[in-house]
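Hello,

Here is the structure I promised to pass on to you. Have a look at it first, and then read on for what turned up in it.

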Amino acid sequence: MNADRKCFKSRSILAELEGHRGHVTAAEFCPWQTHIIISVSEDRSFKVWDHHVGSLIYNSPVLTAFPLLSLLIDAKSRQLVTGCANGQLWIFSLVEGHHFRCVTRVSLKKKSESFSRRVESRLCCLPEESQHPCTHGLEKGDEVEASLPVLGLAPCDLSAIVSAPCVCGLSSETTSCLWIGSSAGLFIFNLANFELEAVLHYRDFRSLSIHVAGSCAVMSKANDDKAICLLTSLFGRKIVMLEIRVAALVRSQQGHDAGRHLSVLPRTCVGPTSPLCFTTAKESKTPPAPQRQSAGRSTVKDQPLVFHTKVRSSGYASAPHVTMFSPKANTRKRGDHSSRCRDGPRSKEYPLESSPPTKLYKQRVLAHGPAAAHCVQYSGDGQWLACGLANHLLLAFRADLSGTPTVFSGHDGAVSTVCWSHDSRWLLSASQDGTLRLWSLRRAELALCLGKDVFSKPVRSAQFYYVDTFVLLSSGPELQLLKYHIDTCKDEIQRYKQKNRCKRVFRLPTTGRTEITSLSAVNDFYSYLVLTAGRNRTLEVFDLNAGRSAAMTVEVHSRPVHQICQNKGSSFTTQQHEAYNLFATTASGDGIKLWDLRTLRCERLFEGHPNHGYPCGIAFSPCGRYVASGAEDRHAYMYDLGSSTFSHRLAGHTDTVTSVAFSPAAPQVDAVGVTADWQQDAGILVNHGGISAPSRMRSGCDHAVAC
């Protein structure tokens, strides 16, 4: 009798949670907070409950026009995943302080179509005899119904199959995947990059009697290659159990050799026929002239009458020489000397464990009037900051934004690209007027100008390359390599005579001759690889040592990529050599994707910042742990590479944040970040992690400097 009473008490109702307006379709306990229950319902919302108190903690708004059918709470990523009847996946963050923030929304149908096209492009690179088995299954999978209702969700362990770079918080152990059971097939979904890892359509199995499922349940154990799937028919009374070999399924649909041989750090010497050997080949053919003249006595008659290198002036017209050919007043000499004196504390190694810049340090007005700041970039020594404006000007500030900036004028269009040389002596700028200009920082003057007579198409991207040996640029569908020479002679009499020159030494078209929208290469050390993004949403890697295309992947984003950003580090920090193979791409309306060059796989997707129309810039921190991005909601967002949600949101701007940059040599303790926005008076904000928050900025056109 007592035992029956105890059994009755153990089966009694502990809590009754009311609040849904439709049938509750799924509910789960939170793994790390067992008193929390999350439920989804046909009322198209989810609710978070505390069953100990019996109270409602959070009530979500209506998410979609279709009922929510399934639910999964992932303990690794601290995320809530729910699926609805029209094939949409909604992912929310359960991290404390994120307030159930929506991370992303995924269309299962679009992801399946994109995955099929990527697999087909990989199969085209394989021998013909290995293409038929997989292609036949994919063709049948394309015939499935338009809607893919999410019937069930289950965890999936791919840590032993999907290899991830063990750098910057990225590893296969921390990567979470899940099974998605639908009416037409099974999908393996990666919660780190929000991409499909494998697709299995029911119609691929001829012996399977169920082609349209009414319910689905999947079970798989950790570190186990087998998964069991239980299906019920939608139009009959059949139940089928499937045994799936997970490793064979995933590896049959992934490209193994996409970028395994690629590395930003060179592994071989420069080849004799490489375009990068251009300078060495020329110098070897033409030895210096003085060595030939001193070879024998026969060359004595060719020597000049005056054997001194310089001839003392007779004194005539010495005063006119001073007035007519006076050297340019260098207002930066005293400042350059003081900056060299300050190099001591800045030469400290950048702390890899530094916190990101989150506090406003200083604000500076760039231009009065409707002039947007398109691009910003720090010099390699961290002493200067260059800003390209829409009013055709290029400004060079000191890193602390003090003093009067150096103004470079001459472009007839908005400055779209700015790049520093490795020695921080030269500035390279590209404009919408189609010209490419090289500027001298010390003299504050134009050193070289290349216009439409040199390039058939406008220059969209340009930078220094191979430790300032070349200028790398994109013009239309071509990747071009220019060899330049800047005469640094200080002869004041002939300084107006143009001795600077530039010559194209190599050009290479993209596959399919599509227009290049962005390019990136490392200039801080010798590297052979160049990354390009095309108008057709492809990403192509070129090996300039071999002078050819090395790898390519399609469907990188849903829109053309407008920026490629590599993890280049800085001269003040040392990262793991594998970390330099990480790079990020961004496109309007499609977030930021983090890639590994060795596998050409997307490892992370960051979608927390609003960016739907304007191309907002991105930047890596020198420590390689953070990615910053501009946004259209007047904020700059900071992402930790180990998480898919943003860690910090920086406020202070009055319009769209168009560009961001990190200082390579942060003073004192923390990093410095810069954002430039599009507003009536273009402004620039510097954020510092070790300085307290300033007072509020004054409203209006004339913004005050806040320190």
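A word on pairing before we start: two strands count as paired if DSSP finds at least two bridges between them. Strands here are DSSP runs, numbered from the N terminus. Please also keep in mind that this is a predicted model.

**Two hairpins**

With that in hand, a good place to begin is the hairpin made by β21 and β22, which has five residues between its strands. Ser424, in the turn, has a positive phi of about 60 degrees. The two strands, β21 (residues 415-420) and β22 (residues 426-431), run antiparallel and are joined by five bridges. If you want a spot to look at, find Cys419, which stands opposite Leu428 in β22. Strand β21 is mostly covered, as five of its six residues are buried.

Around this hairpin you can also find a salt bridge between Arg425 and Asp423, whose closest N and O atoms are 3.9 Å apart. Are these two residues buried or exposed? Neither label fits, because buried means under 20% relative accessible area and exposed means over 50%. Arg425 has 44% relative accessibility and so counts as partly exposed. Asp423, with a relative accessible area of 38%, is partly exposed too.

The other hairpin is formed by β18 and β19, with three residues between them. Here it is His392 in the turn that has a positive phi, of about 75 degrees. Strand β18 (residues 384-389) runs antiparallel to β19, and five bridges join them. Gly388 has Leu394 in β19 as its bridge partner. Strand β19 also pairs with β20 (residues 406-409): four bridges join these two, again in an antiparallel arrangement. In that pairing, Ala396 stands opposite Thr406 in β20. How enclosed is β19 (residues 393-398)? Five of its six residues are buried, so the rest of the structure largely encloses this strand.

**An open sheet**

Further along the chain there is an open sheet of four strands, in the order β37-β38-β39-β40, with antiparallel pairing. Its edge strands are β37 (618-620) and β40 (646-650), each of which pairs on one side only. On average, neighbouring strands of this sheet are turned by 20 degrees against each other, direction ignored. Between β37 and β38 (residues 626-630) there are three bridges, and Ala619 stands opposite Ala628 in β38.

**A cavity to look into**

Next, the empty space inside. Rolling a probe the size of a water molecule over the atoms shows where such space is left. The count comes to four cavities of 30 Å³ or more. I would like to point you to the second largest cavity, which holds about 60 Å³ of space.

Which residues line the second largest cavity? They are Leu428, Leu436, Arg437, Leu438, Leu448, Leu450, Val471, Leu482, Tyr484 and Cys502. You have already met Leu428, as the residue opposite Cys419. Two or more lining residues come from each of β23 (436-440), β24 (445-450) and β27 (478-485). The largest share, three residues, is given by β23. By class, the lining has nine nonpolar residues, no polar ones and one charged residue.

**Salt bridges**

Altogether the structure holds 14 salt bridges. Besides the pair of Arg425 and Asp423, here are a few to look up.

- Glu515 and Arg535 meet through their side chains, at 3.5 Å from N to O. This pair links distant parts of the chain, 20 residues apart: Glu515 sits in the loop between β28 (501-509) and β29 (516-520), and Arg535 in the loop between β30 (529-534) and β31 (539-543). Glu515 is partly exposed, with a relative accessible area of 30%, and Arg535 is partly exposed at 39%.
- Asp596 and Arg598 form a salt bridge at 3.2 Å, N to O. Asp596 counts as buried, at 2% relative accessibility.
- Salt bridges that share partners join Lys111, Arg118, Glu195 and Lys593 into one network.

That is the tour. I hope you enjoy exploring the model, and do write back with any questions.

Best wishes

Notes: Residues numbered from 1 in each chain as written. Predicted model: local features only at pLDDT ≥ 70, side-chain atom pairs only at ≥ 80, totals over all residues. Heavy atoms only, no water. 1 Å grid on protein atoms, 1.4 Å probe; cavity = no way out; pocket = protein on both sides within 12 Å on 5 of 7 lines; lining within 4 Å. Points joined across faces, edges and corners; volume = space filled by probe spheres on them. Nonpolar A, V, L, I, M, F, W, Y, C, P; charged D, E, K, R; others polar. Axes fitted to C-alpha atoms, helices over the stretch in contact; angles between N-to-C directions. Salt bridge = Lys/Arg side-chain N within 4 Å of Asp/Glu carboxyl O. Buried < 20%, exposed > 50% of the residue type's maximum accessible area, 1.4 Å probe, protein only.
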